[in-house]
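The following exercises ask the reader to reason from the coordinates of a complex to short structural statements. Each task is followed by a worked solution.

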Amino acid sequence: MSEVLLVGIDCSECAERALDYAADWAAATQRQLVVAHVIQWSPFSFTTPQENEERHARREAELDRAHREVVDPVVNRLRELGLNVRGVIRHGHPAETLCDVAEEFGVTHIVVGKTGSSRIRAQLFGSVAHSLVQISKQPVTVVP
Amino acid sequence: MIYTKWGARLAPAIALLGLPLPAWAQDGIDQRIDQAVKPFADAVAGFIFSSFSVDGVQVPFVLVWLLCAAAIFTLYFKFINLRAFRHGFQLVRGDYNDPLAAGEVTHFQALATALSGTVGLGNIAGVAVAVSLGGPGATFWMILAGLLGMSSKFVECTLGVKYRNEYTDGTVSGGPMYYLSKGLAERSEKLRSLGKVLAVLFAIFCIGGSFGGGNMFQANQSFKQLVAVTGGDASWLADKGWLFGVVIATLVGLVIIGGIQGIARVTSKIVPLMGVLYVTAGLTVIGMHLADVPAAFASVVSGAFTTQGIAGGVVGVLIQGFKRAAFSNEAGIGSAAIAHSAVRTNRPVTEGFVALYEPFIDTVVVCTITALVIIVTGTWDPSVDPSQGVALTSEAFESTISWFPWVLTVAVLLFAFSTMISWSYYGLKAWTYLFGESMVTDAAYKILFLAFVVAGSSMQLGSVIDFSDAMIFAMAFPNVLGIYFLLPTVKRELDEYWADYKAGRLKKFGKAAHRH
């Protein structure tokens, strides 16, 4: 069974480092790489009727933008380097959604970056890396 | 007929253009408008609330209309209000939410949005009036009406989703205007023009309701509570209704014209919080009078059938309970169908199941808590003036939690604000249905809406408010009449879906897939 790596990215610098790390690893071990971007969203948020009316259109726009600006450039760049790469974009809670994607694609290892925020900030606001480590069923590598 | 209606609607708005005026002149205008509109408003309100006499009690026809509909829907769909209750919860919880559709409007969001339009002054002020005039027994009938109303919401919200318009830009519009016109035309060619007429009537009444009960009434009542809590007639605010109106209109304007969704988003998060706070406070008060609770329940049940000292006997009690339930949960009125129709689903009937929770939460839970608080604290007073409902509830809470009137004031303001935002949307949908969608028609409606906010809080326009209250109930006539024709359509949808559900053919996702 071939092993699959999952890397979660956003637009930040730390995601860039996580991506480089995961790409090097995937290249060195000939693994498939899934590049996932999660758009923060909750099915239980409270919305106005106006927002609901436009939600579908807005979702399309969000997906489109995520493809154009975040995921597609990365996927194309890595493919040119000869990697076996897939791009995935989902709406949801970042950590939970990364776990779901991992399940769906038979991922064996997850790589994410961390914002490098102070301990207090992480305690107060939580971080994706932190929750992911708690809930993931696969080993997680957090790239500083 | 339509022109005179518009005349009535526009008069206060035109008067408003004259603001700011010295106080004496403003008073004069209030009265002049009130007098000019009064005969017409009284006639319309009189017609819509026209009543017949049972046992010497005046029974408004529209109440009978709404209740018969709710009872017929409950029987026709074999107690859907009870049998789909559990499944509705699973849908709200998201057991059937496809992760690939994440990011779309969920059942939970559609329900929460619709609820923020209905939970409001009716739950706080209306219930106090019902218990005062009808005695504790009114609560019993209120709960019964709430349970039956669930079936009405089920039907209208299913239809709202089924016949909504989806535009090429991805936005959706739904509501009775669409299911009346499209649904009836689909049923039979002969019904096409009837559907069209009902849809137009509904839209006109809905616009009227959005200016009145969904706007002026809210502004007016929340201002009264604010004045009461800041010292009554001695309050600095007492004669500054116009200022309050301008502030609220500005905030509403920032949301609906300025597109400052931030304010709406903040409100939409605080309102549920206030709702939870209100329910918690209510339960606390009830808990502190725990010894009186069995007696309270006993009086609710016995009061429903016996009639000590209540005007009008059993029928009088029943009418009070039914009336407040209808005022509060709007089942059969059609407004909720507009809010629910934005959900993303290919099974319209699922939104119907979710909508069952609206009258349940609104009436069976929240209204009952208010009623119990008033009963256990012994605050109810048969001689109350129906316009002082908020004050009575406030007093009931105050007797146990002294600082609660302040919290209640904040809750009332926020409930009123979110109800206005919701109704501005309902009204706008009806408006664009009549006049088409364009920047100009949009702006015209929104400016009128804001003018009515100021009018509602600054003027003593008793007749105009009565008139627009009547408009909300008028919506029930075309809505329910059209729904009767569409019942077989809903039945077909329901039966197909229910068979799939029972046979386990519906796909569950996520954790729910492993849950039994």
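**Exercise 1.** Does Glu16(A) count as buried, partly exposed or exposed, and which count of C-beta neighbours inside 10 Å decides this?

*Solution.* The model is a predicted one. Begin with the location: Glu16(A) belongs to helix α1 (residues 13–29) of chain A. Next, count the neighbours: Glu16(A) has 15 C-beta neighbours inside 10 Å. A residue is buried at 20 or more and exposed at 12 or fewer. Glu16(A) therefore counts as partly exposed. As a distance check, the C-alpha atoms of Glu16(A) and Ala26(A), ten residues apart along the chain, are separated by 15 Å.

**Exercise 2.** Determine the environment of Val7(A) and list the residues that it touches beyond four places in sequence.

*Solution.* Val7(A) is part of strand β1 (residues 4–8) of chain A. Its count is 30 C-beta neighbours inside 10 Å, so Val7(A) is classed as buried. Leaving out residues up to four places away in sequence, the residues in contact with Val7(A) are Ala18(A), Leu19(A), Ala22(A), Leu33(A), Val35(A) and Val111(A). For a position outside this list, take Glu62(A): its C-alpha atom is separated by 20 Å from that of Val7(A), at 55 residues apart along the chain.

**Exercise 3.** Which residues of helix α5 (residues 128–135) of chain A are buried, and why can they be said to line one face of the helix?

*Solution.* The buried residues in α5(A) are Val128(A), Ala129(A) and Leu132(A). Viewed down the helix axis, the buried residues of α5(A) fall within an arc of 95 degrees, so they line one face. The underlying periodicity is that an α-helix has 3.6 residues a turn, so residues three or four places apart point the same way. The final step is to identify the cover: α3 (94–104), β4 (109–113) and β5 (140–143) of chain A are among the elements over the buried residues of α5(A).

**Exercise 4.** Compare the end-to-end distance of helix α20 (residues 439–458) of chain B with its expected span, and name its buried residues.

*Solution.* At 1.5 Å a residue, the 20 residues of α20(B) should span 28 Å. The end C-alpha atoms of α20(B) are 29 Å apart, which agrees with the expected value. Its buried residues include Tyr445(B), and also Leu448(B) together with each residue from Phe449(B) to Ser458(B).

**Exercise 5.** How many residues does the largest nonpolar core have, and which residues have the most contacts inside it?

*Solution.* The largest nonpolar core has 168 residues, and Trp141(B), Phe202(B) and Val453(B) have the most contacts inside it. Helix α10 (residues 192–229) of chain B gives the largest share of this core, with 18 residues. A second, separate core has 34 residues, including Leu6(A), Val35(A), Ile89(A) and Cys99(A). Returning to Phe202(B), its contacts beyond four places in sequence are Pro176(B), Met177(B), Leu180(B), Gly334(B), Met475(B), Pro478(B) and Asn479(B).

**Exercise 6.** Lys78(B) has a positive phi although it is not a glycine, and Glu330(B) has a positive phi as well. Where does each residue lie, and is each buried or exposed?

*Solution.* The phi of Lys78(B) is about 45 degrees, and Lys78(B) sits in the loop between α3 (61–76) and α4 (80–83) of chain B. Lys78(B) has 11 other C-beta atoms within 10 Å and is therefore exposed. For Glu330(B), phi is near 60 degrees, and the residue is in the loop between α14 (313–329) and α15 (335–340) of chain B. Glu330(B) has 30 C-beta neighbours inside 10 Å, so it counts as buried.

**Exercise 7.** How many residues does each chain bring to the contact, and what ipTM does the predictor give the complex?

*Solution.* Chain B supplies 28 residues and chain A supplies 24 residues. On the side of chain B that touches chain A, the elements giving two or more residues are α6 (107–118), α12 (261–288) and α19 (404–435) of chain B. The residues of that side divide into 13 nonpolar, eleven polar and four charged. The predictor gives the complex an ipTM of 0.85 and a pTM of 0.85.

Notes. Residues are numbered from 1 along each chain as its sequence is written. Chains are lettered from A and ligands numbered from 1 in the order in which they are written. This is a predicted model: local features need pLDDT of at least 70, side-chain atom pairs count only at pLDDT 80 or more; totals for chains, interfaces and linings use all residues. Two residues are in contact if their C-beta atoms, placed from the backbone, lie within 7 Å. Helices (H or I, at least four residues) and strands (E, at least two) are DSSP runs, numbered from the N terminus. Ala, Val, Leu, Ile, Met, Phe, Trp, Tyr, Cys and Pro count as nonpolar, Asp, Glu, Lys and Arg as charged, and the others, Gly among them, as polar. The expected span of a helix is 1.5 Å times one less than its number of residues. A nonpolar core is a set of buried Ala, Val, Leu, Ile, Met, Phe, Trp, Tyr and Cys residues joined through C-beta atoms within 7 Å. The arc is that of the directions from the helix axis to the C-beta atoms.
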